[in-house]
Amino acid sequence: EVEGAVKRFVALGIQAVRIPVSCAFHSPMVAHASQPLMDFISRIRPGAPRLKVFSNVTARPYPESEELVAHQLVQHLVSRVDFVRQIEAMYEEGARIFVEVGPGKVMTGLTHQILGERPHVAVLSNQAGRSGLVQIQHLLGQLIPHGLPVQTESLFAGRSLPDLDLGSLLRFSPK
């Protein structure tokens with residue numbers, strides 16, 4: 001049915017793609033998981049966000065109350081996602097750099113579509129086929145040029161990396 005709907009939308013000139021998911025997340029169909037999720041959240045006690053974290057259900061920052069955060073996380077499970085409104089709200093608040101955390105690249109592509117020509121950077125944090133260290137290096141390589149204050153010391157702590165003489169690389173000339 002989903003494939004048929006995508007084909008009908010595309011035939012009407014409406015951009016549509018199937019997003020591969022394993023379950024009907026963000027839907028009342030998973031309401032049975034609400035109480036177990038609340039029980040789990042209550043045990044881990046996530047606390048209030050220290051940074052502004054936007055909900056893709058309300059398109060507003062999460063509240064400062066631990067209890068309200070827990071409630072909103074459970075609502076996130078069963079509520080429709082309004083990703084467009086979330087990205088627009090974040091942009092209005094000054095966000096210009098967006099990092100997709102998790103497998104895939106759907107949200108990065110959607111962010112580019114939503115923001116269009118407006119100045120922004122959207123990057124992936126996890127590309128298939130890359131080890132964790134290589135992936136984080138690629139991610140940092142995309143973010144550092146945009147002025148993010150990145151501290152890499154802990155990333156390389158305890159690793160035996162030889163010193164690299166950049167001068168010798170600059171003097172190198174292929175024959």
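Visitor: What phi does Gly116 take just after helix 5?
Guide: A positive one, about 55°. Helix 5 spans residues 106–115. Helices (H or I, at least four residues) and strands (E, at least two) are DSSP runs, numbered from the N terminus. This is a predicted model: local features need pLDDT of at least 70, side-chain atom pairs count only at pLDDT 80 or more, and totals for chains, interfaces and linings use all residues. Residues are numbered from 1 along each chain as its sequence is written, and side-chain values use heavy atoms, without hydrogens or water.

Visitor: Why is Arg45 called exposed?
Guide: Its relative accessible area is 54%. Exposed means over 50%, buried under 20%, partly exposed in between (1.4 Å probe, protein chains only). So Arg45 qualifies as exposed. Arg45 lies in the loop between helix 2 (34–44) and helix 3 (66–78). Its phi is near 45°, positive in a residue other than glycine.

Visitor: What makes Ala59 count as buried?
Guide: Its relative accessibility is 7%, under the 20% limit, so Ala59 is buried. Ala59 is also in the loop between helix 2 and helix 3. Its phi is positive too, near 60°.

Visitor: Which residues make up the largest nonpolar core?
Guide: Twelve residues, among them Phe54, Ala59, Phe83, Ile114, Leu115 and Ala122. Such a core is a set of buried Ala, Val, Leu, Ile, Met, Phe, Trp, Tyr and Cys residues joined through side-chain atoms within 4.5 Å. Helix 4 (83–92) and helix 5 each supply at least two residues of this core. The largest share, five residues, comes from helix 4.

Visitor: How do you know that the buried residues of helix 5 line one face?
Guide: Thr108, Thr111, Ile114 and Leu115 are the ones buried there. Down the helix axis they fall within an arc of 125°, so they line one face. The arc is that of the directions from the helix axis to the C-beta atoms. They pack against helix 4, strand 1 (97–100) and strand 2 (121–124). Contact here means heavy atoms within 4.5 Å. Ala122 touches Thr108 and Thr111, as well as Phe98 and His112, not counting residues up to four places away in sequence.

Visitor: Why is Val106 called partly exposed?
Guide: Its relative accessibility is 32%, between the 20% and 50% limits, so Val106 is partly exposed.
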